[in-house]
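Hi,

Here is the structure I promised to pass on. Have a look at it first, and my notes come right after.

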Amino acid sequence: MHKKVAFYTLGCKLNFSETSTIARSFEKEDFERVDFAEKADIYVINTCSVTENADKRFKTIVKQAQKSNPEAFVAAVGCYAQLKPEELAAVDGVDLVLGATEKFKITDYLNDLAKNDKGEVHSCEIEDADFYVGSYAIGDRTRAFLKVQDGCDYKCTYCTIPLARGISRSDTLQNVLQNAAEIASKDIKEIVLTGVNIGDYGKGEFGNKRHEHTFFELVKALDEVNGIHRLRISSIEPNLLKNETIDFVAKSNSFVPHFHIPLQSGSDEILKLMRRRYLSNLYVDRVKRIKEVMPHACIGVDVIVGFPGETEEHFLETYNFLNELDISYLHVFTYSERDNTLAAEMGNPIPKNVRSKRSKMLRGLSVKKRRAFYESQLESTRTVLFEGENKSGYINGFTENYVKVKAPWNPSLVNTLHTVQLTEIDEDGLVRFEFVSDKVIA
């Protein structure tokens, strides 16, 4: 009888790609992977430290696992496990907590799978997290997340990621290309590049600080890989998104016109307090450059509200800045204090109710921005990649520039690319279309 293992991933795309790598190590040891809702011998929870709720959710997920099998062995890995290992180990039902470097060797720590009275902790000093483990995740049949970089050398005052993931380091170009070719051979149509700070790619490729390759070289090399129809850059710092990359994407075979660029604040005063590496004018330049060479490009923005010292004026500066900018949607984060960060010691905290009001205002702005972007794309001809899920009788898909479309469910469309004309916005905000031809592109 094969032992069964189940996984639960919290947080970002990078975590999903790493869960897949960890899962493959279990498969090599003859474990059978089952769904998290099923009965398993081991439950592995890949944690996140970015939002407050991730902490609370962890306990709920442990309870869920215990409900399925009270005797199961429960292991916690990932960012939160690196930052607060003792806290997680103290959660009732947790048997093992592994830090940043240990998580990839998890099967070495599973001795007899007997329940422990208290979670066992194996967590390195984060300075030791200096080697690179490449990974990719096949989230569904249509797209894969390919990790190209890990860690971060930036010192943003609100962020624990350098504490949780260590210094910036990269996969070798050869390895990334090999992983990409492997993904392409599985009939997956889209690859999303992920990392903690992917624009920093090339640093630490050989375990030291020297850059062997740049992010631009990575982009050019990936564009040559056969069999990949779409490549998407997940999130890239504005100061690392160079003109050469933008111009290349505009003419590229596979890279799609979609950028996600963290801003965090539209106020230069707050950007300085956050120790971001740019000011708002650089951000405006990036958006203008993208729109000059790709007028139809989709641009997503990360923004944080309620940072210590953010006055009403600062917030309105951010709101107006975003309102006037030609962007397509926002990811809004409500600032939450994190231990061992400078921001947590700054004073001038913003009351929680004010934070949530500001968050609501920006989420409302995001809805308007997305709607305006979708309106601007009506009547245009685009390529849609259809997803694999039947959502209440409909199939969804995304155009290359990230417009979400819907059509009545048709299983033969799953994981295929089609040329369509966007026709109207449905009452749920998604876009309807007509097929331009019956021919499947891929």
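Below is what I found in it, going through two sheets, a helix pair and some aromatic rings.

A bit of background: this is a predicted model, so local features need pLDDT of at least 70 and side-chain atom pairs count only at pLDDT 80 or more, while totals for chains, interfaces and linings use all residues. Residues are numbered from 1 along each chain as its sequence is written, and side-chain values use heavy atoms, with hydrogens and water left out.

**The six-stranded sheet**

One open sheet has 6 strands in the order 2-1-3-4-5-6, with parallel pairing. (Helices, H or I of at least four residues, and strands, E of at least two, are DSSP runs numbered from the N terminus; two strands pair if DSSP finds at least two bridges between them.) At its edges are strand 2 (32-34) and strand 6 (120-122), each pairing on one side only. On average, neighbouring strands here are turned by 25° against each other, direction ignored. Strand 4 (residues 73-78) and strand 5 (residues 96-98) are joined in the parallel sense by 2 bridges, and A75 has L96 of strand 5 as its bridge partner. Helix 1 (residues 13-28) lies across strands 1, 2, 3 and 4 and runs at about 170° to strand 1. Axes, by the way, are lines fitted to C-alpha atoms, for helices over the stretch in contact, and angles run from 0 to 180 degrees between N-to-C directions.

**The three-stranded sheet**

Another open sheet has 3 strands in the order 13-14-15, again with parallel pairing. Strand 13 (258-264) and strand 15 (329-334) each have a single partner strand, so one side of each is left without a neighbour in the sheet. The twist from one strand to the next averages 20°. Strand 13 is joined to strand 14 (residues 298-305) by 6 bridges, and P262 has D302 of strand 14 as its bridge partner. Helix 12 lies across strand 14 and strand 15, at about 170° to strand 15.

**Helix 11 against helix 12**

How do these two helices sit relative to each other? The axes of helix 11 (residues 312-324) and helix 12 (residues 352-377) come within 11 Å and cross at roughly 5°. That makes helix 11 roughly parallel to helix 12 (under 35 degrees counts as roughly parallel, over 145 as roughly antiparallel, 65 to 115 as roughly perpendicular and the rest as oblique). Among the residues in contact (heavy atoms within 4.5 Å) are F315, Y319 and L322 of helix 11 and M361, L362 and L365 of helix 12.

**Aromatic rings**

The whole structure has 15 aromatic pairs (rings of Phe, Tyr and Trp, its six-membered ring, with centres within 6.5 Å; planes under 30 degrees apart are stacked, over 60 edge-to-face and the rest tilted). One of them is F315 with Y319, whose ring centres are 6.4 Å apart with planes at 55°, so the pair is tilted. Both residues are buried (under 20% relative accessible area; exposed is over 50%, partly exposed in between, with a 1.4 Å probe and protein chains only). F386 and F435 form a tilted pair too, 6.3 Å centre to centre and 45° between the planes. F386 is in strand 16 and F435 in strand 20, so the pair ties together parts that are 49 residues apart in sequence. F386 is buried at 0% relative accessibility, whereas F435 is partly exposed at 39%. Finally, ring pairs link F7, F26 and F31 into a cluster.

Cheers
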